[in-house]
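Let's take a walk through this model together, starting from a pair of strands and working outward to the spaces between the atoms. Keep the 3D view open as you read.

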Amino acid sequence: MNQAQRTEPTMYEKIIRPILFRMDAEEAHEWTIRNLSLASGVPWICKVLHKWNCGNGKGAVRLFGLDFPNRLGLAAGMDKDGRCPGAFAAMGFGHVEAGTVTPVGQLGNDKPRLFRYPQEEAVINRMGFNNHGAESMASRISKTYPKGPGRTAVLGINIGKGKSTPIEEAARDYVAGFRELAAQADYFTVNISSPNTPGLRQLQQESYLRELLGSLQQANQERSTETGEAKIPILVKIAPDLEDREIELVVGLLEVLGYDGVIATNTTVARPGYFGNVNETGGLSGLPLQSRSDDVIRLIHKVTGGGMPIIGVGGIMDLDSAQRKIDLGASLVQIYTGLIYKGPGIVRKIAQAIG
């Protein structure tokens, strides 16, 4: 059952979305990114549009040393290679998270691997971290959206391990991605929760997680000492499929190790309701994830006493669902599937009103 508030369809929903939805889901995604990349090549237009769409400062917040012009961001997965952060910023996003990127480029899983479910306002993906690698991303961003005061939106970079890297050596990949991209990232997100890379979610177990997070913090401190710059904020993205006690353990470890925040949540392998009869593997996102994501945010806010910044993501389809995550304890929110179904107009609407 669609829980999102029904409103009059927008031009995107009436005209553009039907055209895109006649295309294969991944082809439509690539077409969109390719055209946004062209738009990113005209930075002065992007800056004008950002100012128009971003709002008048309502919802502006300073977190882990960064100034976010509003509370809405683009979730990782849409712009895997950092091809068009400037164009996404122009839509009104206060922050854009690029990736997931691995140290070395990889093709990802076999196609088809991206599936839409319009009646449920949902998507299943099993992309598998397809990207061109950290070096390629670093080079591209340095030319098209370089770090510094000229950025209109905060840029996060979501890092992961390569598919062929043994789980026991995962820390090496995350540290390599961090070092390659540190000169361009405003913050990093450690993706240990995608269901589409074999064994990745094992990294949420304490035995692996402590080593991984310790290695990253050491690399962050070493870079700070070498450059004289402040340490780069690092967040961790967790799965909605963890049990509550597991979430408490992960969050407790993040607090002990001095991590800057948590992103709740990634996609789910659960198949609620309608999806019980859907025979596609991968991560489910969109409206069916909304309730569990809200529950995880509520839990983290409670167990940390509101002391750990939370970025809430999962099932945001309108202003009300975005504001609810803020009310439950999130400091920022991100959308992905909502953008697919509602179009760029939802960005301006949420960015200018959420508080």
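A good place to begin is strand β3, residues 72-74, which is joined by two bridges to strand β4, residues 95-101, with the two running parallel. Keep in mind as you look that this is a predicted model. Within this pairing, you can find G73 standing opposite H95 of β4. As a reminder, strands of a sheet pair through backbone hydrogen bonds, in either a parallel or an antiparallel way.

Now follow the pairing onward. β3 and β4 belong to a set of eight strands that close into a barrel, and the pairing is parallel. Going round, the order reads β3-β4-β7-β8-β9-β10-β12-β13. From one strand to the next, the twist averages 25 degrees.

Next, turn to a helix that lies against this barrel's strands. Helix α5, residues 134-144, lies across β4 and also across β7 (154-159). Relative to β4, helix α5 runs at about 150 degrees.

With the strands and this helix in place, let's look at the open space. Where is the centre of the largest pocket, and which residues lie nearest to it? Look for G77, K80, M127, N130 and Y336: these lie nearest the centre, out of 50 residues that line the pocket. The elements that each give two or more residues to this lining are α2 (25-40), β6 (122-125), β11 (283-286), β13 (332-335) and α11 (337-342). You have already met β13, the strand that ends the barrel order as written above. The largest share of the pocket lining comes from α2, which gives five residues. The volume of the largest pocket is about 870 Å³. By residue type, its lining divides into 22 polar, 17 nonpolar and 11 charged residues.

Finally, there is enclosed space to visit. How many cavities of 30 Å³ or more does the count give? The count comes to one, and the largest cavity holds about 50 Å³ of space. Its lining is made by I167, E168, A170, A171, L203, Y208, E211 and L212. Two elements, α6 (170-181) and α7 (206-227), give two or more residues each to that lining. Helix α7 provides the largest share, with three residues. In character, the cavity lining has six nonpolar residues, no polar ones and two charged ones. If you select these residues in your viewer, E168 and E211 stand out as members of the lining.

Key:
Residues are numbered from 1 along each chain as its sequence is written. This is a predicted model: local features need pLDDT of at least 70, side-chain atom pairs count only at pLDDT 80 or more; totals for chains, interfaces and linings use all residues. Side-chain values use heavy atoms; hydrogens and water are left out. On a 1 Å grid over the protein atoms alone, a cavity is a set of points where a 1.4 Å probe fits but cannot get out, and a pocket is an open set with protein on both sides within 12 Å along at least five of seven lines; lining residues have an atom within 4 Å of a point. Grid points are joined across faces, edges and corners, and a volume is the space filled by probe spheres set on the points. Helices (H or I, at least four residues) and strands (E, at least two) are DSSP runs, numbered from the N terminus. Ala, Val, Leu, Ile, Met, Phe, Trp, Tyr, Cys and Pro count as nonpolar, Asp, Glu, Lys and Arg as charged, and the others, Gly among them, as polar. Two strands pair if DSSP finds at least two bridges between them. Axes are lines fitted to C-alpha atoms, for helices over the stretch in contact, and angles run from 0 to 180 degrees between N-to-C directions. Contact means heavy atoms within 4.5 Å.
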